[in-house]
Amino acid sequence: MRKEQHFKGWNEIKTNDSWAIFKIMGEFVSGFEKMSEIGPCVSIFGSARTKENSPFYNLSVKIAKHIAEAGYGVITGGGPGIMEAGNRGAHLAGGTSVGLNIDLPFEQHDNPYIDRDKSLDFDYFFVRKVMFVKYSQGFVVMPGGFGTLDELFEAITLIQTNKIEKFPIILVGTKFWSGLIDWIKDTMLEAGNISPKDLDLIKLVDTEGEVVDILDSFYKGRSLSPNF
């Protein structure tokens, strides 16, 4: 029997919000404690709907393997699709494989390639996103949907506004991403809504070797540390 939807009044919302603060604090404390022990990692984003026989799934596995072999850990959202591929590649290379999981209605379930002691569960998207941004030495962005774009543009915005340290943001799949890049250049830049130097924050590649080359080149002579 379907439960009737319960609409909360202002007083009930206020009471629930007050108690939610403690749960939010708990997620931050737990996340900070665990993530600070893991070491330098690169986050891989992309669609949870990508199938195992997809070229982008296989490419994500290769990218994650190369990243792990280069000495970085791999962080994903912990679910299926590209996330699974990222954890799988790190696992195959014997590297650190981290999953930041969240319960979603249609797509999310833990994948089996996350290190047992490095699987974190979140109820709040914004807490989870802080963990990605604070502890990632780079973002590798595979083809995805709105969630992937959300992570991409938040990272660009935080770097652009000097709220976090600069780190590599690498889009993988020229054919998939070129339309977006063209629109940014031809529409946003043309309208004066961004600066030409903002485009330098994004790198567009097609191979696993290019991803690692960008990471290694960026961090040559730099220290690896949390971004804020």
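**Exercise 1. Overall size and fold**

Find out how the radius of gyration of the protein agrees with that of a compact globule of 228 residues.

*Solution.* Start with the rule: a compact globule with 228 residues would have a radius of gyration near 17 Å, and the protein has 18 Å, which agrees. The radius is taken over C-alpha atoms, and the globule rule is 2.2 Å times the number of residues to the power 0.38. Before going on, please note that this is a predicted model, in which local features need pLDDT of at least 70 and side-chain atom pairs count only at pLDDT 80 or more, while totals for chains, interfaces and linings use all residues. Residues are numbered from 1 along each chain as its sequence is written, and side-chain values use heavy atoms, with hydrogens and water left out.

Next, take the box: along the principal axes, the C-alpha atoms fill roughly 50 × 45 × 40 Å. Then list the elements. The protein has seven helices and seven strands, where helices (H or I, at least four residues) and strands (E, at least two) are DSSP runs numbered from the N terminus. Their order from the N terminus is α-β-α-β-α-β-β-α-β-α-β-α-β-α.

**Exercise 2. Surface, burial and contacts**

Work out what share of the 228 residues is buried, and what share of the contacts with a separation of 6 or more joins residues 24 or more positions apart.

*Solution.* Buried residues are 46% of the 228; buried means under 20% relative accessible area, exposed over 50%, and partly exposed in between (1.4 Å probe, protein chains only). The accessible surface is about 12800 Å², with 54% of it belonging to carbon and sulfur atoms. These areas come from the Shrake-Rupley method with a 1.4 Å probe, and for residues only the protein chains shown count as cover. For contacts (heavy atoms within 4.5 Å), the share from residues 24 or more positions apart is 71% of those with a separation of 6 or more.

**Exercise 3. Two helices side by side**

Describe how helix H2 and helix H7 pack, from angle to residues.

*Solution.* First, the geometry: H2 (residues 55-69) and H7 (residues 208-219) pack at about 35°, and their axes are 9 Å apart. Axes are lines fitted to C-alpha atoms, for helices over the stretch in contact, and angles run from 0 to 180 degrees between N-to-C directions. Second, the handedness: the crossing of H2 past H7 is right-handed, that is, the near helix is turned clockwise from the far one by less than a right angle, whereas anticlockwise would be left-handed. Third, the residues: H2 brings Leu59, Lys62, Ile63, His66 and Ile67, and H7 brings Glu208, Val211, Val212 and Leu215. Sorted by character, the residues of this contact are six nonpolar, one polar and two charged. Here Ala, Val, Leu, Ile, Met, Phe, Trp, Tyr, Cys and Pro count as nonpolar, Asp, Glu, Lys and Arg as charged, and the others, Gly among them, as polar.

Finally, look at Asp213, which also sits in H7. Aspartate 213 is exposed, at 54% relative accessible area.

**Exercise 4. From H4 into E5**

Explain why helix H4 is largely enclosed by the rest of the structure, then find the contacts of Ser136.

*Solution.* H4 (residues 125-135) is largely enclosed because eight of its eleven residues are buried. Among them are Arg128, Lys129 and Lys134, along with Met131 and Phe132. Now step to Ser136, in strand E5 (residues 136-141). Serine 136 has 0% relative accessibility, so it counts as buried. Beyond its neighbours within four places in sequence, serine 136 touches Cys41, Ser43, Ile75, Phe167 and Asn227.

**Exercise 5. A positive phi**

What is phi of asparagine 162, and is the residue buried or exposed?

*Solution.* Place the residue first: Asn162 is in the loop between helix H5 (146-160) and strand E6 (169-172). Its phi is near 60°, a positive value in a residue other than glycine. For background, most residues other than glycine have a negative phi. As for accessibility, asparagine 162 is exposed, with a relative accessible area of 68%.
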